[in-house]
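User: Please walk me through the cavities and the ligand site of this model. Short answers are fine.

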Amino acid sequence: MGKVGFGVAVGCAVVTCAIAAVLLGRRVQSRRKWRRAVEMLQEFEEGCATSIGRLRQVVDAMAVEMHAGLASDGGSKLRMLLTFVDNLPDGNEKGTYYALDLGGTNFRVLRVQLGGRGSMILSHQVKHHPIPQELMSGTSEDLFDFIARTLKQFVEQEDDGSEQKVDEKKELGFTFSFPVRQMSVSSGILVKWTKGFSVEDAVGKDVARCLEEAMTKAGLNMQVAALVDDIVGTLALCHYYDKDTVAAVVIGTGTNACYVERTDAIIKCQGLLTSSGGTVVNMEWGNFWSSHLPRTSYDIALDDESPNSNDQGFEKMISGMYLGDIARRVLYRMAQEADIFGDDAYNLSIQFIFRTPLMAAMHEDESPDLREVRRILTENLLVRRLIVRVCDIVTRRAARLAAAGIVGILKKIGRDGSGGVASGRTKGTPRRTVVAIEGGLYAHYSMFREYLNEAVVEILGEEVAQNVVLRVSEDGSGIGAALLAAAYSSN
Ligand code: BGC
């Protein structure tokens, strides 16, 4: 071999060694990244663990906090608000009623025709309207004027004038799905906003009067016959069809629960008398808190960066507004610390970019190569699998905690098969118990629903669970409000 040949051979060997070293280095580096990502996943999974023991602690905590919230205002993070709904609609309601449902980024207007005994709901028309973003943090006057104008257009379009006299005052069920301290069934003061709304000058005002003033300004002859939270509308509608309904739960953008309580158990309102002996209590369970809730550093960061930190702790762990963002935070930290996302990491830094419906679509992607996940986030198959795992952990924890919350209510009212904390009911006398559930997470996210149903059976045991029916409710927040307007109509 000549000098040149020798030189080339040595050069090639050096280059080959360099390439091998780089490849080896990359492989080692990539293994290290994966190891870190997997470690982070395991830590997250452990932090979110909802063993049956822990769920039982949450059940007990929910029942105990319910007692505390009924004993005194401020006695618990559970507000346990009175609704003044003492009698739920029974099917005798008759006539045309309207409903206005405000509780998220959309609001809905409805017109419901009730036929009285036997004929039930004859028809209903609904129209959805998005709320312009600027109105969600503007002034209360602008918000209510906009709603009243839209309602007026709807009334004019829908009203054929055949049944109601033109000058007759129409009646409305106003669903306002934020914490409200009610003074009567048709009036109440906004305690605070949730779910991204921040129309600050409305806090402390009677929202039913704000709406009525705006309706008068808009030239609409209508009054609020019932002011209700969406959860109370859900209970009303489900009870209308099934008299064994004792509680309702909403798990959508936000979350909440209500149930029928004995008036003598509401210590903070001693002397409260109702013809039925019971009344509906709006728990505002989104604000429930217990040290038994499995909280991770991601939940803490989400709370710290939210406009209502230290509030709505349960809601931030279980509702649709937040689940996607918890998953995004986990993936973003993996992207930063384990660098497994490459350029796709950029998007993960944006808060709330990862909405819960996207997360559900990825979680429920059943194609072998996870095509949906690839479309949304990344080319890398291993990373796609990891993403699905993160979604699963977040959703499973949420669903199981919601299940524990539901059993907590059953325990408080003595329907959990254990005799109840205070009900004094005898052990082993099961009664059919229906809990209405409304909201996209339960109705449309099948993995969430399955986890929740499974956990209810796990906590209650098969025998007791047989008597508990979780019934999906649709449009309760709107139609239920119209039913309540009819039940509490002044006509
Ligand atoms: C509100 C509740 C409401 C729930 C579901 C929560 O953020 O505080 O009043 O029922 O969302 O819409």
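**Cavities and ligand site**

Analyst: In this predicted model, the lining of the second largest cavity splits by class into five nonpolar, two polar and one charged residues.

User: Which residues line the second largest cavity?
Analyst: Two strands, β6 (180–184) and β8 (222–228), each supply at least two residues of that lining. The full set is Phe 176, Phe 178, Val 180, Gln 182, Leu 227, Val 228, Asp 229 and Asn 282.

User: How much space lies in the second largest cavity?
Analyst: Cavities of 30 Å³ or more are counted, and there are three. The second largest holds about 50 Å³.

User: How much space lies in the largest cavity?
Analyst: The largest cavity is lined by 14 residues. Ser 177, Lys 195, Thr 255, Asn 256 and Glu 284 lie nearest its centre. The space inside is about 100 Å³.

User: How do the residues of the lining of the largest cavity divide?
Analyst: The classes here are nonpolar, polar and charged. The lining divides into three nonpolar, six polar and five charged.

User: Where does the ligand sit?
Analyst: The shell around the ligand has three nonpolar, six polar and five charged residues. As for the site itself, the ligand sits in the largest cavity.

User: Which of the 14 residues around the ligand come nearest?
Analyst: Being around the ligand takes a heavy atom within 4 Å. Of the 14 residues there, the nearest are Thr 194, Asp 229, Asp 230, Glu 284 and Glu 315.

User: What is the distance from an oxygen atom of the ligand to an N or O atom in the side chain of Asp 229?
Analyst: A polar contact needs N or O atoms within 3.5 Å. Asp 230 has a polar side-chain atom 2.6 Å from a ligand oxygen. For Asn 256, the distance to a ligand oxygen is 3.1 Å. For the side chain of Asp 229, it is 2.5 Å.

User: What share of the ligand's accessible area does the protein cover?
Analyst: On its own, the ligand has 310 Å² of accessible area. The share covered by the protein is 98%.

Methods: Residues are numbered from 1 along each chain as its sequence is written. This is a predicted model: local features need pLDDT of at least 70, side-chain atom pairs count only at pLDDT 80 or more; totals for chains, interfaces and linings use all residues. Side-chain values use heavy atoms; hydrogens and water are left out. A polar contact is a pair of N or O atoms within 3.5 Å; within protein, one must be able to donate a hydrogen and the other to accept it, and residues adjacent in sequence count only if both atoms are side-chain atoms. Accessible areas come from the Shrake-Rupley method with a 1.4 Å probe; for residues, only the protein chains shown count as cover. On a 1 Å grid over the protein atoms alone, a cavity is a set of points where a 1.4 Å probe fits but cannot get out, and a pocket is an open set with protein on both sides within 12 Å along at least five of seven lines; lining residues have an atom within 4 Å of a point. A molecule sits in a cavity or pocket if more than half of its atoms lie within 2 Å of its grid points. Ala, Val, Leu, Ile, Met, Phe, Trp, Tyr, Cys and Pro count as nonpolar, Asp, Glu, Lys and Arg as charged, and the others, Gly among them, as polar. Grid points are joined across faces, edges and corners, and a volume is the space filled by probe spheres set on the points. Helices (H or I, at least four residues) and strands (E, at least two) are DSSP runs, numbered from the N terminus.
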